[in-house]
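Please open the model in a viewer and keep the selection panel at hand. The stops below are given in the order in which they are best visited.

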Amino acid sequence: MSHQSTYEPKTGIEKWLDSRLPIVRLGYDSFVDFPTPRNLNYWYTFGGILAVFLVIQILSGVVLAMHYVPHVDHAFDSVERIRRDINYGWLIQSMHANGASFFFVAVYLHMFRGLYYGSYKAPREVLWIIGVVIYLLMMAAAFMGYVLPWGQMSYWGATVITNLVGALPVVGEGIREWLWGDFAVGNATLNRFFSLHYLIPFLIAGLVILHIWALHVPGNNNPTGVEVKGKGDTLPFHPYYTVKDGFAIVVFLMIFAGFVFYLPSVLGHADNSIEANPLVTPAHIVPEWYFLPFYAILRAVTFDFGPISAKLGGVLAMFGAIGVLFALPWLDRSPVKSMRYRPIAKWCFLIFVIACLGLGWCGAENPDNMVFEFGGIGMPFVVLSQILTAYYFIYFLVILPVLGFVEKPKERPESIEASVLGSSPAAAPAE
Amino acid sequence: MKRFIATLAALAALATPALAAEGETHAPENHDWSWEGPFGTFDDRQLQRGLQVYQEVCASCHSMDLLSFRNLGQPGGPFEYLPDPEHEGELITFANPNDNPVVMEIASRYTYTEIDLETGEEMERQGIPADRFPNPYANDAQAAASNGGAAPPDFSVIVKARSGGADYIRSLLLGYDYEVPEDVTLLPGQHYNPYFPGGVLAMGPQLFDGAVPYADDTPQTAEQYAEDVVAFLAWASEPHMEQRKRMGLGVMIFLLIFAVLMWLAYRQVWANVKH
Ligand code: HEM
């Protein structure tokens with residue numbers, strides 16, 4: 001909800017600045033007085049947590065870049081030098097490496113929240129789409145960042161992923177060479193990845209500003225999915241949500257610190273402590289955990305589909321899994337936003353979350369390993385990942401469009417205020 | 001000099017499918033290490049013995065390129081504290097590990113080749129604490145050629161670089177007493193060890209009871225040598241581990257108090273607001 005500005009410059013300098021560049025007014029209207037639904041739960045704190053982690057990644061990354069050497073002969077040793085010889089380098093390196101993982105934990109919870117409360121629906125389509133672009137850029141940044149320490153997984157991960165592009169018909173090989181800057185992953189690749197890895201976080205920062213702008217025009221959605229109707233529905237952002245977000249941020253930082261200080265390498269892979277060697281292929285090439293679901297989708301396509309080879313099919317499915325998010329605001333036909341009031345969609349959503357976790361599991365396993373086996377009967381992981389991949393797409397392309405017509409939603413509260421005060425019959429169950 | 005015929009070469013992939021026999025790979029045996037858990041630390045005496053085992057046994061084939069002698073005297077290292085020569089029973093430490101006499105003595109056992117800036121000729125000089133641990137081979141090709149094609153891996157970060165970490169390396173070092181399964185055929189220079197992925201590796205058993213003379217009365221058994229050298233390698237893989245855990249404790253306490261204060265502030269601010 002764009003609202004009337006209530007900022008009144010008090011000091012002389014504020015008045016002087018306000019008539020030239022009303023930046024203090026912008027900050028006041030956006031983060032102090034901004035009318036925010038009074039019923040936001042903890043799922044709504046992850047946006048603030050993400051902003052904190054973007055800052056942590058940029059600050060720690062800038063310091064790492066002061067010591068990192070983007071050259072195939074020195075990259076691995078320079079990262080070890082940071083851990084061993086640079087003052088507090090072990091801390092900064094661990095924060096940056098684990099910070100990437102926590103950034104993804106937060107973004108996945110943030111996105112699932114949006115899916116559950118229907119935050120992608122009108123009038124927040126642009127907000128959602130900016131989010132998906134941010135997510136794509138985060139993946140690009142994380143992928144290139146993982147290549148920089150030039151360990152075995154860095155090198156082989158980069159080789160596997162860039163080779164995927166080669167599967168595209170006609171242009172594939174040309175694009176792949178263009179990405180590599182060479183005829184294989186090598187020094188030119190490492191250099192450009194470093195350059196882009198440094199650039200992308202600032203693009204993300206710019207998009208985050210647009211994201212918040214696009215948030216502040218319609219205002220926050222909320223767990224009831226009922227739009228703000230009057231003053232009684234909202235509270236000023238400060239102090240109500242500054243303290244609530246602040247508390248959530250500190251708790252999340254505590255879990256993060258637990259990993260940074262006590263489990264600094266459990267999220268990594270032992271093979272990445274071996275320097276890259278183009279002559280030795282690791283037994284299992286696996287990406288970082290946050291890419292595993294997409295890796296499973298990529299490997300789920302094991303059959304040719306008309307003119308589309310299995311490899312190309314896998315690549316298309318993987319990119320399609322993200323691409324479908326762009327179309328989501330128009331795929332979901334239900335006028336009801338929050339799944340609290342959508343008895344069928346709610347269960348389909350729950351299965352969707354389980355399917356995503358299951359895909360992550362499949363991505364970590366060798367496709368030929370067995371999920372279970374009794375007597376002669378069993379199911380290899382590749383079959384499980386095919387089932388889950390099918391569900392992933394059916395959820396977006398069939399279930400959400402069809403449910404819009406066939407599902408009978410439960411009664412919704414008249415307003416946020418009514419739901420909070422319990423004067424509406426449907427307001428009681430808080431989930 | 002003991003000669004390894006070849007090496008750990010634990011890069012799983014180096015055991016090419018032809019050599020990787022059907023033999024089942026054993027999960028590493030779980031061992032209790034002094035540095036486990038949020039408060040675990042290294043035992044300095046053990047690190048010193050481990051260094052001795054590394055130098056007398058492993059160093060003839062395995063380099064530790066990322067380590068300098070000075071690391072041995074830095075905070076958390078094996079020689080951070082030395083017995084005070086003037087006051088019996090007390091310890092001294094050196095702000096600059098380059099001044100640590102034990103570190104200086106260890107470095108001085110090695111010679112390094114350098115260019116004499118006056119003449120441009122090569123000259124030999126004694127090692128100093130700033131020098132890196134010497135590499136047993138002149139180059140990678142020589143390391144591979146001397147070991148039947150499989151270059152022994154560098155040990156600087158070996159504990160981080162193997163899944164199973166310290167447990168895996170200890171199990172591997174002590175894991176040669178197994179009967180060779182029938183479906184495994186060993187070529188000359190190969191050894192069976194069920195802890196090694198694939199079961200067949202080029203490094204033979206290295207640790208034998210009594211082979212490394214300890215100065216104190218620590219048992220001189222293969223078991224003890226394995227534990228000590230793995231402790232040393234674990235320290236070398238992450239020399240700042242003790243500092244990391246110490247700081248972690250402070251950070252966790254700080255964040256806990258901060259979280260409680262934020263929670264109280266939250267309760268206070270929202271006290272009279274229905275939500
Ligand atoms: C760097 C990454 C991101 C940052 C810093 C960020 C920041 C924020 C913030 C501060 C909010 C308002 C507070 C909240 O609702 O939690 C928000 C809301 C939202 N974000 Fe993000 N976001 C990021 C990524 C994403 C992504 C990847 C998506 C989706 C693909 C997304 C979708 C949304 C939506 C739909 C809302 C509105 C939710 C509602 O009002 O119900 N964001 N974001």
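Select A:Pro239 in this predicted model; A:Pro239 lies in helix H10 of chain A, where helices (H or I, at least four residues) and strands (E, at least two) are DSSP runs numbered from the N terminus. Display the backbone on its N-terminal side: the peptide bond from A:His238 to A:Pro239 is cis, with omega near 5 degrees.

Before proceeding, note that residues are numbered from 1 along each chain as its sequence is written, while chains are lettered from A and ligands numbered from 1 in the order in which they are written. Because the model is predicted, local features need pLDDT of at least 70 and side-chain atom pairs count only at pLDDT 80 or more, whereas totals for chains, interfaces and linings use all residues; side-chain values use heavy atoms, with hydrogens and water left out.

Next, select A:Ala122 and A:Pro123, which are joined by a cis peptide bond with omega of about 5 degrees. A:Pro123 is found in the loop between H5 and helix H6 (125–147) of chain A. Then move to A:Tyr88, in the loop between H4 and H5 of chain A. The phi of A:Tyr88 is positive, near 60 degrees, and this residue is not a glycine. Most residues other than glycine have a negative phi, and most peptide bonds are trans.

Now display both chains. How many residues of chain A are in contact with chain B? There are 37, and they meet 40 residues of chain B, contact meaning heavy atoms within 4.5 Å. The area buried between chain A and chain B is about 3,500 Å², with carbon and sulfur atoms giving 72% of it; buried area is the accessible area (1.4 Å probe) that two parts lose on being put together, summed over both. Highlight A:Arg84, A:Trp90 and A:Tyr262, which lose the most area to chain B within chain A, together 22% of what that side buries.

For the polar part of this interface, select A:Glu80 and B:Lys160, whose side chains meet in a salt bridge (3.2 Å, N to O). A salt bridge is a side-chain nitrogen of Lys or Arg within 4 Å of a carboxyl oxygen of Asp or Glu, and the count between chain A and chain B is 2. Colour chain A by element: those giving two or more residues to the side that touches chain B are H4 (75–84), H5 (89–117), H10 (237–262) and H15 (416–421). H10(A) provides the largest share, 16 residues.

Finally, isolate helix H11 (residues 292–300) and helix H14 (residues 381–406) of chain A. Their axes, lines fitted to C-alpha atoms over the stretch in contact, come within 9 Å and cross at roughly 105 degrees, angles running from 0 to 180 degrees between N-to-C directions. H11(A) and H14(A) are therefore roughly perpendicular to each other, the term for angles of 65 to 115 degrees. Show side chains at the contact: A:Phe294 and A:Ile297 are among the residues of H11(A) there, and A:Val382 and A:Tyr392 are among those of H14(A).

In chain B, turn to helix H1 (residues 44–56) and helix H5 (residues 222–237), which pack at an angle of about 100 degrees with their axes 7 Å apart. That makes H1(B) roughly perpendicular to H5(B). Residues to select at this contact include B:Leu47 and B:Tyr54 in H1(B), and B:Phe232 and B:Trp235 in H5(B).

Conventions. Parallel < 35°, antiparallel > 145°, perpendicular 65-115°, else oblique.
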